[in-house]
Structures are given as C-alpha cells and as structure tokens.
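The following note sets out remarks on the structure shown below. The points begin with pockets and then turn to rings, a single residue and the chain as a whole.

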Amino acid sequence: MATYVIAGGGATTTAFIRNPHRSSSSDAHLSSQLALNCPQNRSNRRRTSKQFSPIYASVSTSPAPVTKPDDLVGSILSKVMQTDRGVSLTRDEHKRVAEVAQELQRFCVDEPVKCPLIFGEWDVVYCSNPTSPGGGYRSAFGRLFFKTNEMIQAVEAPDIVRNRVSFSLFGFLDGEVSLKGKLNVLDEKWIQVVFEPPELKVGALDFQYGGESEVKLEITYIDEKIRLGKGSRGSLFVFQRRKP
C-alpha cells in the first residue's frame, strides 16, 4: 500500500490508495475513511448539519362581519318601539337610531319612489323631531292634553297620501286629525306632498281648519317591513308597514 499526500481545499488530506492486486477486509473501512476525510464531503456534512426544517406559520383572519338588512331593520325597530315615537329617547339614543338608519341607506333600491312597496298603510313609529308629525298636538304642551293613540300614513296608488292622527283628549274624549294630499315625484328619491286643510273630529264635532301645507321627504330605505324617510329640514322618520 502506497501513501500519498493530497492538498485540497486549503487542508492537507491523507488518502489511502489500495493495491489493485490485493484486497482485504480493511479496504472498505479505508474507502469509508477516505470519503469522510475528503474536504468536499466534510463541507457537505457541515452544510447538512446547519440545515433547518422550515417553520410554517398560518394566520387565521376572520372576515369582517357583514350586517344584513334584516338585522339592521330589527335593530332600528327595537330602538324606537315603546318610545312614544321617539319622545322618550335621549340624545345619545337618537344618535344610535340615526347611525342604524345610515347603515340601512346603503341597501336602499336605486329609485325608491318607483318601488311598488311604497304603497300601503304605515305606522309612524319614530321621528327624530317629535313635533314634525302631528304638529302642535305632539308638542310638549299639546301632549299634556292629547294622548296619541295612532299615527298612520296611507299611500294609495297612483298619487294620494292620507295622514291620520288619532288621540284621546283629557284621557276620555276620542278624536282624530286627518289630512289628504297629492304626491308629486321630484326625482328618484324625493317626493313632495301638498296637503289640503286638515280635518278635525272630536266627539260630534267635524270641521276643517287652517290652510294647505306642503312637505318634502327623501325616501332613504324601503322594504316589506319598514320605510325610512328624511324631511327637508333633516328630521328622520321610521314607518312600519301595518299588518293587513
């Protein structure tokens, strides 16, 4: 067996070369020693020892909750019912009602004035300004004498609007104020209603008084259950469809 000194890779390596005419059981060991002492293999071994298993991290992100119109309708109704049409709400509570109404506005049909759902009988269940529907009967002073029982708006095809406020005077004398008006479409969202002089009924009394009146209303949302409107002065109305 001859011994050679091989320089490679900046290190001195001893390589064992076997005689081709001789074979022994130590040849396998020597070949293995050669492979392990080779600079290239030592470098590969060092690189292998420094390899790391990849670390996988997954971030679970939940999509933002999508609020459905039905949920918003239920929310706004729960906030305005049993509040005397908004009279008993605080300023913060009025603000929360307005926030839900703003959200619902995103789901309104493109041209609500042309939607057939506008027709029918509606209960006025909320107004941000209590004196807007019912006028003086709904003012702080008027409520001392007139207890509102119902406040209804009927929209009849093709262009008739009837408002009716029923009340109890002094708690025992029933009466109502009604108005009949003509609906005019101003654009895809705004309507104008010109009312005839109001008619007052109290007991056996039945007469008209005052003059004509006019209101403008933007329809901001409508479906089978509710209709939202905003007056020209910013008052927010919530109408709930009456059950047949």
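1. The largest pocket of this predicted model has a volume of about 870 Å³. Its lining consists of 36 residues, and those closest to the pocket centre are S132, P133, N163, F195 and V215.

2. Several strands supply that lining. Two or more residues each are given to the largest pocket by β4, β5, β6 (173-185), β7 (190-195), β10 (213-222), β11 (226-231) and β12 (236-241). The largest share comes from β10, which provides five residues. Sorted by class, the lining of the largest pocket holds 21 nonpolar, ten polar and five charged residues.

3. The second largest pocket encloses about 230 Å³ of space. It is lined by 14 residues, of which M81, Q82, R85, V124 and V125 are the closest to its centre. The elements contributing two or more residues to this second lining are β3 (120-127), β4 and β12. Its classes divide into five nonpolar, four polar and five charged residues. Strands β4 and β12 are also among the elements named for the largest pocket.

4. The aromatic side chains deserve a separate point. Four aromatic pairs are present in the structure. In one of them, the ring centres of F146 and F167 are 4.9 Å apart and the planes meet at 85 degrees; since an angle over 60 degrees counts as edge-to-face, the pair is therefore assigned to that class. F146 belongs to strand β4 (residues 146-156) and F167 to strand β5 (residues 160-169), so the pair ties together parts that are 21 residues apart in sequence.

5. Are the two partners of this pair buried or partly exposed? F167 is buried, because its relative accessible area is 3%, and the cut-off for burial is under 20%. F146, with a relative accessible area of 21%, is partly exposed.

6. A further pair is formed by F237 and F239, whose rings are stacked, with 6.0 Å from centre to centre and 15 degrees between the planes. Both F237 and F239 are buried.

7. R227 should be examined together with two rings. The charged end of R227 sits over the ring of W122, at 4.9 Å from the centre of that ring. R227 also lies over the face of F239, where the distance to the ring centre is 4.1 Å. F239 thus appears in two arrangements: it is a partner of F237 in a stacked pair, and its face has R227 over it.

8. Which residues does T220 touch, once those up to four places away in sequence are not counted? They are Q105, C108, L228, G229 and K230. T220 itself is found in strand β10, the element that gives the largest share of the lining of the largest pocket. T220 counts as buried because its relative accessibility is 5%, and the limit for burial is under 20%.

9. Some totals for the protein chain complete the note. Its secondary structure comes to four helices and twelve strands. Of the 244 residues in the chain, 31% are buried. Among contacts with a separation of 6 or more, 50% are accounted for by residues 24 or more positions apart.

Technical notes. Residues numbered from 1 in each chain as written. Predicted model: local features only at pLDDT ≥ 70, side-chain atom pairs only at ≥ 80, totals over all residues. Heavy atoms only, no water. Phe/Tyr/Trp six-rings, centres within 6.5 Å; stacked < 30°, edge-to-face > 60°. Buried < 20%, exposed > 50% of the residue type's maximum accessible area, 1.4 Å probe, protein only. Lys NZ or Arg CZ within 6 Å of the ring centre and 35° of its normal. 1 Å grid on protein atoms, 1.4 Å probe; cavity = no way out; pocket = protein on both sides within 12 Å on 5 of 7 lines; lining within 4 Å. Points joined across faces, edges and corners; volume = space filled by probe spheres on them. Nonpolar A, V, L, I, M, F, W, Y, C, P; charged D, E, K, R; others polar. Contact = heavy atoms within 4.5 Å.
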